[in-house]
Amino acid sequence: MSTSSPPTETVVLGGGCFWCTEAVFDRVQGVLDVESGYCNGQAVNPTYEQVCTGRTGHAEVVKLEFDPAQISLREVLEIFFVVHDPTTLNRQGNDAGTQYRSGIYYTGDAQKQVAEEVIREIAASKTYSSPVVTEVAQLANYSTAEAYHQDYFLNNPNQGYCAFVVGPKVEKFQKTFASRVKA
């Protein structure tokens, strides 16, 4: 008798600096793995330095593997839209450049439909005073970021950017979605 693992789903999200997005989703119940990386640019396997020039076209992203029996894509996206500003083009706070764009990079048509539906609902709700500029595109040319970017907040909680930028986003998630925080 073989035991098969429950089906998981993967989605890739760009919400500005991947250190922030990774730190939040590492704490989400039902998210099994979070990996920082780059996607939807022209270069193959770009370095962080290359992506930071803005010339590769890549976004800083996190690849999430989640258990849809524990958390739906809709719930993942609801968290995503609370912990970053989806109304600023190519910018999150002081981080500016195309690599910091807001994006949902789907791996199938069903994900695309959910993403577009959530964005329509946010627009209709007038949650934000400016329009949502989140890019919705099929995942392309993904590569994993360098090892030192993985679990960055966990490994560097007292580093300045982590203390003053990442930490408050994690706290916002934990306060807004207390029932979704991993035990």
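Is Arg101 buried or exposed? At 10% relative accessibility, Arg101 counts as buried, because the cut-off for that word is a relative accessible area under 20%. I start with this residue since it leads into the salt bridges, and I should say at once that what we are looking at is a predicted model.

The side chain of Arg101 meets that of Glu135 in a salt bridge, with 2.8 Å from N to O. This pair links distant parts of the chain, for Glu135 sits in strand E7 (residues 135-138), while Arg101 sits in the loop between strand E5 (95-96) and strand E6 (102-106), and the two are 34 residues apart. Glu135, at 30% relative accessibility, counts as partly exposed, whereas Arg101, as we have just heard, is buried.

How many salt bridges does the structure hold? There are four, and the general idea behind them is that side chains of opposite charge can pair when their charged atoms come close. Another of them joins Glu35 and Lys63, at 3.7 Å from N to O. Glu35 belongs to strand E2 (residues 31-39) and Lys63 to strand E3 (residues 59-66), so this pair ties together parts that are 28 residues apart in sequence. Glu35 is buried at 18% relative accessibility, and Lys63 is partly exposed at 29%.

A further salt bridge brings together the side chains of Glu121 and Arg74, again with a distance given from N to O, here 2.8 Å. Since Glu121 lies in helix H4 (residues 109-125) and Arg74 in helix H3 (residues 73-83), the pair ties together parts that are 47 residues apart in sequence. Glu121 is partly exposed at 39% relative accessibility, and Arg74 is also partly exposed, with a relative accessible area of 24%. Through salt bridges that share partners, Arg74, Glu117 and Glu121 are joined into one network.

Let me turn now to the sheet. In which order do the six strands of the open sheet stand? The order is E7-E6-E1-E3-E2-E8, and the pairing is mixed. E7 and strand E8 (143-144) stand at the edges, each with a single partner strand, so one side of each is left without a neighbour in the sheet.

If we walk inward, strand E1 (residues 9-15) is joined to E6 by four bridges, and these two strands run antiparallel; one place to look is Gly15, whose bridge partner in E6 is Ser102. Helix H1 (residues 18-25) packs on the sheet, where it touches E1, E2 and E3, and its direction makes about 170 degrees with that of E2. H3 packs on the sheet as well, touching E1, E3 and E6, with a direction that makes about 15 degrees with that of E1.

Strand E3 deserves a slower look. E1 and E3 run antiparallel and are joined by five bridges, with Glu9 standing opposite Phe66 in E3. E2 and E3 also pair in the antiparallel sense, over eight bridges, and within that pairing Val34 has Leu64 as its bridge partner in E3. Six of the eight residues of E3 are buried, so this strand is largely enclosed by the rest of the structure.

Val62 is one residue of strand E3, and with a relative accessible area of 0% Val62 is buried. Leaving aside residues up to four places away in sequence, Val62 touches Val11, Val12, Leu13, Phe18, Thr21, Glu22, Val34, Glu35 and Ser36, and you will recognise Glu35 as the partner of Lys63 in a salt bridge. Val62 and Tyr152 are 90 residues apart in sequence, and yet they are 12 Å apart in space, from C-alpha to C-alpha.

That brings me to the nonpolar cores. In soluble globular proteins, nonpolar side chains tend to be buried together. Which members of the largest nonpolar core touch the most other members? Of its 40 residues, they are Leu13, Phe25, Leu64, Leu77, Ile79 and Ile104, and H3 gives the most to this core, with seven residues. A second, separate core of six residues includes Val12, Ala59, Tyr105 and Ala137.

To finish with one residue from that list, Leu64, again not counting residues up to four places away in sequence, has among its contacts Glu9, Val11, Leu13, Phe25, Val34 and Val76. So that you can find them on the structure, recall that Val34 is the residue whose bridge partner in E3 is Leu64, and that Glu9 stands opposite Phe66 in E3.

Note on methods: Residues numbered from 1 in each chain as written. Predicted model: local features only at pLDDT ≥ 70, side-chain atom pairs only at ≥ 80, totals over all residues. Heavy atoms only, no water. Buried < 20%, exposed > 50% of the residue type's maximum accessible area, 1.4 Å probe, protein only. Core = buried A, V, L, I, M, F, W, Y, C linked by side-chain atoms within 4.5 Å. Contact = heavy atoms within 4.5 Å. Pairing = 2+ DSSP bridges. Axes fitted to C-alpha atoms, helices over the stretch in contact; angles between N-to-C directions.
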